[in-house]
Amino acid sequence: MSRVYNFSAGPAVLPEKVLLEAQAGMLDYNGTGMSVMEMSHRSAPFAQIIETAEADIRDLMSIPDNYHVLFLQGGATQQFAAIPMNLMQNKVADYIVSGSWSKKAFKEAKLYGDARLAASSEEENFSTVPNVDSITFSKDADYVYICQNETIYGTRYTKLPETGNIPLVSDVSSMFLSEPMDVSKYGLIYGGVQKNIGPAGVVIVIVREDLVREDVLPTTPTIMRYLTQVDAKSLSNTPPCWGIYICGLVFKWLKELGGLSAMKEINEKKAALLYDFLDSSKLFKGTADRQYRSLMNVPFVTGDAELDAKFISEAKNHKIESIKGHRSVGGMRASIYNAMPLEGVEALVAFMHQFEKENA
């Protein structure tokens, strides 16, 4: 079996152990005589799968009892609309825009109420995160929204905004389960799993009990109401069963590694290896503000578009795949999610050393 080092931002690399376990049960899951992809979502075997997955993520994140965990469809992008539909009681919300994904969420929220721009780093080309200490929030805001790790620009919040009694909502898609989080500081956390947890098609929503209400915006579709999904335990309609199953296997894998504190140590080691090289390189340059660098997504450039293209092309000869930057910014981007082994980052840095010598 020949595996490449897959630096894709999503869908992204999954733990090899998880893939092998899923492969082993592809035709006959746990003696049922069928694949998880074939079984009823109302069956006892699948009930055990989704209930165990919820218990494991609760354990991993130390999720308080007054928070619900939902396994939903529609990806993180659907939550751009679901959040204001469910939470905009006063039809007011503050958005901190630190990159493309928070900008898109802000634009979507404007369709449902008075979405206000509390702060933005767009003038800095999203190379940094707004200083949360200098932001004043609207007193009548229903929530404050952030994207905690911006995948495209490789930035993350190193400090959460102090929102007082206003619920903090965070898109954590590209940093989900990469390090410990204090869930009690948030009103709602959500993320698409295709970056750090599982295959595309599942979004996990962790929402505080008091934010699950009947009095949502009247136009909110039944399927997009958090109350609908809480009451049905994520089974209001047929869920993405296979995706949830893989997420559950990843949760087990993380627990076997020692949990999120152990995972953070591994991720910090990988990121330090790559950032240390970038900081010493005379050819490559990281594009994110050092103070707000992501542990998960590392964008970098040579400063020459033709040289960037050459690097991306030659990287394939070193088993390095999907290293091209997002189409909106160009350059390169290494997404070094939980499942990316240290050896993959070492291989990337070794190739960067070689490329620099040959092209300096």
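**Figure 1. Arg 293 and Asp 279 form a salt bridge in this predicted model.** The closest N and O atoms of Arg 293 and Asp 279 are 2.7 Å apart. Arg 293 sits in the loop between β11 (285-286) and β12, while Asp 279 belongs to helix α7 (residues 260-280), so this salt bridge ties together parts that are 14 residues apart in sequence. Is each partner buried or partly exposed? Arg 293 has a relative accessible area of 14%, so this residue counts as buried, because buried means under 20%. Asp 279, at 33% relative accessibility, is partly exposed.

**Figure 2. Lys 255 and Asp 56 link distant parts of the chain.** Here the closest N and O atoms of the salt bridge are 3.0 Å apart. Lys 255 lies in helix α6 (residues 241-257) and Asp 56 in helix α2 (residues 44-61), and the two residues are 199 residues apart. Look at how the partners are placed: Lys 255 is partly exposed, with a relative accessible area of 33%, whereas Asp 56 is buried, at 5% relative accessibility.

**Figure 3. Lys 255 and Asp 56 belong to a network of salt bridges.** Which other residues can you find in this network? Asp 59 and Lys 252 are linked with Asp 56 and Lys 255. For the wider picture, the structure holds 15 salt bridges.

**Figure 4. Asp 114 and Arg 116 form a salt bridge.** The closest N and O atoms of Asp 114 and Arg 116 are 2.8 Å apart. How exposed are the two partners? Asp 114 is partly exposed, at 35% relative accessibility, and Arg 116 is partly exposed too, with a relative accessible area of 27%.

**Figure 5. Strand β14 (residues 332-335) has buried residues pointing both ways.** Try following the side chains along this strand. Met 332 and Ala 334 point one way, Arg 333 and Ser 335 point the other way, and all of them are buried. This is a pattern worth remembering: in a regular strand, side chains alternate between the two faces of the sheet.

**Figure 6. Strands β12 (residues 297-301) and β14 run antiparallel.** How many bridges join these two strands? Four bridges connect β12 to β14. To find one pairing for yourself, start at Phe 300: the bridge partner of Phe 300 in β14 is Met 332. You met Met 332 in the previous view, where Met 332 points the way Ala 334 does and is buried.

Conventions: Residues are numbered from 1 along each chain as its sequence is written. This is a predicted model: local features need pLDDT of at least 70, side-chain atom pairs count only at pLDDT 80 or more; totals for chains, interfaces and linings use all residues. Side-chain values use heavy atoms; hydrogens and water are left out. Buried means under 20% relative accessible area, exposed over 50%, partly exposed in between (1.4 Å probe, protein chains only). Two strands pair if DSSP finds at least two bridges between them. A salt bridge is a side-chain nitrogen of Lys or Arg within 4 Å of a carboxyl oxygen of Asp or Glu.
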